[in-house]
Each structure stands twice: as C-alpha cells, then as structure tokens.
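Work through the exercises below with the model open beside you. Try each task before reading its solution.

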Amino acid sequence: MAVAVEHEWKKGSAELLILSLLEAQPRHGYEIGRLIDVRSGGTLHFHVASLYPLLYRLEKRGWICGRWVERANHRRRRYYRLTAEGRQVLGAKRLKWKEFAGAVGRIAGVEHA
C-alpha cells in the first residue's frame with residue numbers, strides 16, 4: 001500500500017516531475033497525471049484541480065509550450081512540449097533535487113536512488 005506523501009514534498013517536486021515527463025515527447029495533461037500515478041506506484045497523484053493550473057504556470061514561464069490537437073472521434077486535447085528554456089530549467093532542477101535528496105539521505109541515514 002502506498003504511503004501518503006507530504007503535501008509540501010509533492011508541491012516542491014511537481015515542476016521537476018512534469019518537466020521530466022515532457023523531456024522525451026509531448027503529452028497531454030491527463031497522460032501526464034496518469035504517468036505520475038503509475039510510475040510512482042500510486043504514491044503520487046495529481047488532481048486535475050492542481051495539475052492544470054501548474055501546466056498553465058509552466059507555460060506562462062516559457063518552460064513548456066502547449067497546442068490544441070483535434071482528432072476524429074476524439075476530444076480536443078492540449079499537448080505540451082518542453083521548450084529550450086524548459087530543458088535548461090529541468091537540468092538545473094535535477095541537479096538541485098540530487099543535492100537535496102543526498103543531503104536528506106545523509107542526515108536521515110537513508111539511501112536514495
């Protein structure tokens with residue numbers, strides 16, 4: 001059974017998670033939320049009410065770019081892709097996360113991935 005994650009930890013890592021998922025390919029919001037849930041084994045879950053405002057903020061900052069895509073017999077979806085600036089931010093966030101996780105691990109006596 002998944003352990004509930006503290007709200008602040010999730011909030012602090014949300015940008016890193018979203019940018020990481022967009023690194024390989026463009027994705028729509030539902031897919032991003034679903035991948036976070038699945039890849040975390042259900043430990044992390046983003047509700048639509050928190051995910052979409054975050055996507056809009058990242059887009060406003062210029063880290064991601066969204067475009068509407070319509071397909072026959074499907075709903076219209078907004079696909080997001082990482083921008084060049086977003087790739088730079090992702091690299092910096094990964095480095096900071098690695099430093100943070102390492103420091104916490106050293107203090108708490110916990111190995112991290």
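A salt bridge is a side-chain nitrogen of Lys or Arg within 4 Å of a carboxyl oxygen of Asp or Glu. The model is predicted: local features need pLDDT of at least 70, side-chain atom pairs count only at pLDDT 80 or more, and totals for chains, interfaces and linings use all residues. Residues are numbered from 1 along each chain as its sequence is written, and side-chain values use heavy atoms, with hydrogens and water left out.

**Exercise 1. Lay out the fold.**

Task: State which secondary structure elements the protein has, and in what order.

Solution. Step 1: take helices (H or I, at least four residues) and strands (E, at least two) as DSSP runs, numbered from the N terminus. Step 2: count them. The protein has four helices and three strands. Step 3: read along the sequence. The pattern is α-β-α-α-β-β-α. Step 4: check the contacts, meaning heavy atoms within 4.5 Å. Among contacts between residues at least 6 apart in sequence, 50% join residues at least 24 apart.

**Exercise 2. Analyse the salt bridges.**

Task: Say how many salt bridges the structure holds, then examine individual pairs.

Solution. Step 1: the total is seven. Side chains of opposite charge can pair when their charged atoms come close.

Step 2: start with Asp 37 and Arg 34. Their side chains form a salt bridge at 3.5 Å, N to O. Both residues belong to helix H2 (residues 29-39), three residues apart, or about one turn of the helix.

Step 3: grade the exposure. Buried means under 20% relative accessible area, exposed over 50%, and partly exposed in between (1.4 Å probe, protein chains only). Arg 34 counts as partly exposed because its relative accessibility is 44%. Asp 37 is among the buried residues of H2.

Step 4: go to Arg 94 and Glu 23. Their salt bridge spans 2.8 Å, N to O. This pair links distant parts of the chain: Arg 94 sits in helix H4 (residues 84-108) and Glu 23 in helix H1 (residues 7-24), 71 residues apart. Arg 94 is partly exposed because its relative accessibility is 36%. Glu 23 is partly exposed too, because its relative accessible area is 33%.

Step 5: look for a network. Salt bridges link Glu 15, Arg 61 and Lys 93.

**Exercise 3. Describe the surroundings of Arg 27.**

Task: Decide whether Arg 27 is buried or exposed, and list what surrounds the residue.

Solution. Step 1: place the residue. Arg 27 lies in strand S1 (residues 27-28). Step 2: apply the cut-off. Arg 27 is buried because its relative accessible area is 7%. Step 3: find the charged partner. The side chains of Arg 27 and Glu 31 meet in a salt bridge of 2.9 Å, N to O. Glu 31 is partly exposed because its relative accessibility is 22%. Step 4: add the backbone. The Arg 27 side chain reaches the backbone oxygen of Leu 21 at 2.7 Å. Step 5: list contacts, not counting residues up to four places away in sequence. Arg 27 touches Leu 21, Leu 22, Ile 32, Leu 35, Arg 39, Arg 78, Tyr 79 and Tyr 80.

**Exercise 4. Dissect the core.**

Task: Find which residues touch the most other members of the largest nonpolar core.

Solution. Step 1: define the set. A nonpolar core consists of buried Ala, Val, Leu, Ile, Met, Phe, Trp, Tyr and Cys residues joined through side-chain atoms within 4.5 Å. Step 2: name the hubs. Of the 21 residues in the largest core, Ile 18, Leu 19, Ile 32 and Ile 64 touch the most other members. Step 3: assign elements. H1, H2, helix H3 (48-61), strand S3 (77-82) and H4 each give two or more residues. H1 gives the most, with six. Step 4: inspect one hub. Leaving out residues up to four places away in sequence, Ile 32 touches Ile 18, Leu 21, Leu 22, Arg 27, Leu 51 and Leu 55.

**Exercise 5. Resolve the contacts of Thr 83.**

Task: Identify which backbone oxygens the side chain of Thr 83 reaches.

Solution. Step 1: Thr 83 lies in the loop between S3 and H4. Step 2: Thr 83 counts as buried because its relative accessibility is 13%. Step 3: its side chain reaches the backbone oxygen of Gly 62 at 2.6 Å. The backbone oxygen of Trp 63 lies 3.0 Å from a polar atom of the Thr 83 side chain. Step 4: setting aside neighbours within four places in sequence, Thr 83 is in contact with Gly 62, Trp 63, Ile 64 and Cys 65.

Methods. A polar contact is a pair of N or O atoms within 3.5 Å; within protein, one must be able to donate a hydrogen and the other to accept it, and residues adjacent in sequence count only if both atoms are side-chain atoms.
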